[in-house]
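Let's work through a few short exercises on pockets and a ligand. Grab a pencil, look at the picture, and try each task before you read its solution.

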Amino acid sequence: MAMKWEEVKKLAGRYDKHNFLGEYLKWGERFRRALENTPSINLSYETLYVVGMVGSGIVGDILNNCLGMDRDIRVVKYTRLPKYIGEDDLVLAVSFSGNTIETLSSVEYALSRKVNVVGITTGGKLAILGKEKGFTVIKIEEALAPRAALPQLIATALKVVLEEDDVKNLAEIATSLSQEAAKYGLDRENNRAYKLAYLIWGRLPIFYADEGYSSILHRAKSSLNENAKVNAYYQGFPEGYHNEVEIFEEIIDPVALPIIFKDKEDDLEPLIRHLDDLDAEYLIIDLVGKNKIEKILRAIVLTDIASIYLAYIMKRDPFEINVINKLKRMRG
Ligand code: PA5
């Protein structure tokens, strides 16, 4: 590694004023507490609409990846819900702040159509609306930022939508998250998350995975955007076999860095073989865990923390999101 670890620590001290990295060391406990504190609510519905944006919206993507083959789940990251939403459906509105305009607007629409709503938030207008209109709002534990609150957001959502027996199996994930995050702290010199950040530095990361792991792809892009303030893009497969692969006809763009999240049963081997034939540089991140949710969350811990190290390397504060906040103010 070209940078001395002492230097990385110095950059962390200088640019991570709020100790954003420290938030990740709390992920396991937060996940466990959210599971314990979320009440069991008996819900039946035809279609589950999970509404929310980015740091909160990722909950819908993860639920969809984990449960979408067994039940009808629609992820909505928009100001409106479809006209055909009905009284038998359920809207799970996820907003860390409770003040996100797109989420509130969808909730208002659902209420106007007499659709059952459950809110997950720390407070804000969503909590007030819940009190006024009489729908369930589950308050989650605070965090420095929405994206740092993923464990309490997802654990709460899982407790709401899963059967009791399935919820019991989630307890182990808390331990796994704590262990995963602990590998990437500043006390672990040249750890894997830092190495990943260093490799991404100055490149355009292009994330690939089976479409069933699209939440990892979207989160990796979002975290690099928000924490490190850099560009990234992604493509799910097998869709990518019908468009994306053509960019690898001959020599690949030297700036692009393919990063492949690999699961045992996916169909990414032909892509990898083709990249080998081209002698292209790429990285593989193996997805590890006993089940899909664990695989997703562990991959997110690694790439999120990598995005924080990249922020340090680039002399940026991973916590600050000045442009997002400015545009939120402009949009009201
Ligand atoms: O991570 C962030 O800060 C953002 O991506 C937010 O999650 C997003 O702007 C939506 O806000 P909220 O999560 O409060 O609904």
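**Pockets and a ligand**

By class, the largest pocket is lined by nine nonpolar, seven polar and six charged residues. Keep in mind that this is a predicted model.

**Exercise 1.** Work out which helices help line the largest pocket, and which one gives the largest share.

*Solution.*
- Step 1: Start with the space itself, a volume of about 640 Å³.
- Step 2: Look at its lining of 22 residues; Met 53, Thr 100, Glu 102, Ile 324 and Lys 328 lie nearest the centre.
- Step 3: Find the elements that give two or more residues: helix 4 (54-67), helix 5 (101-112) and helix 14 (322-331).
- Step 4: Pick out the largest share, which is five residues from helix 14.

**Exercise 2.** Find where the ligand sits and what surrounds it.

*Solution.*
- Step 1: The ligand takes up the largest pocket.
- Step 2: Around the ligand there are 13 residues, with Ser 56, Ser 95, Ser 97, Thr 100 and Lys 328 coming nearest.
- Step 3: Sort that shell by class and you get five nonpolar, five polar and three charged residues.
- Step 4: Helix 4 supplies the largest share of the shell, three residues.

**Exercise 3.** Track down polar atoms close to oxygen atoms of the ligand, using a cut-off of 3.5 Å.

*Solution.*
- Step 1: Try the backbone: an N or O atom of Gly 55 is 3.1 Å from a ligand oxygen.
- Step 2: Now side chains: a polar atom of Ser 56 lies 2.5 Å from a ligand oxygen, and an N or O atom of Thr 100 is also 2.5 Å from one.
- Step 3: Check the cover: alone, the ligand exposes 380 Å², and the protein buries 96% of that.

Definitions and conventions
Residues are numbered from 1 along each chain as its sequence is written. This is a predicted model: local features need pLDDT of at least 70, side-chain atom pairs count only at pLDDT 80 or more; totals for chains, interfaces and linings use all residues. Side-chain values use heavy atoms; hydrogens and water are left out. On a 1 Å grid over the protein atoms alone, a cavity is a set of points where a 1.4 Å probe fits but cannot get out, and a pocket is an open set with protein on both sides within 12 Å along at least five of seven lines; lining residues have an atom within 4 Å of a point. Grid points are joined across faces, edges and corners, and a volume is the space filled by probe spheres set on the points. Helices (H or I, at least four residues) and strands (E, at least two) are DSSP runs, numbered from the N terminus. Ala, Val, Leu, Ile, Met, Phe, Trp, Tyr, Cys and Pro count as nonpolar, Asp, Glu, Lys and Arg as charged, and the others, Gly among them, as polar. A residue is near a molecule or strand if one of its heavy atoms lies within 4 Å of it. A polar contact is a pair of N or O atoms within 3.5 Å; within protein, one must be able to donate a hydrogen and the other to accept it, and residues adjacent in sequence count only if both atoms are side-chain atoms. Accessible areas come from the Shrake-Rupley method with a 1.4 Å probe; for residues, only the protein chains shown count as cover. A molecule sits in a cavity or pocket if more than half of its atoms lie within 2 Å of its grid points.
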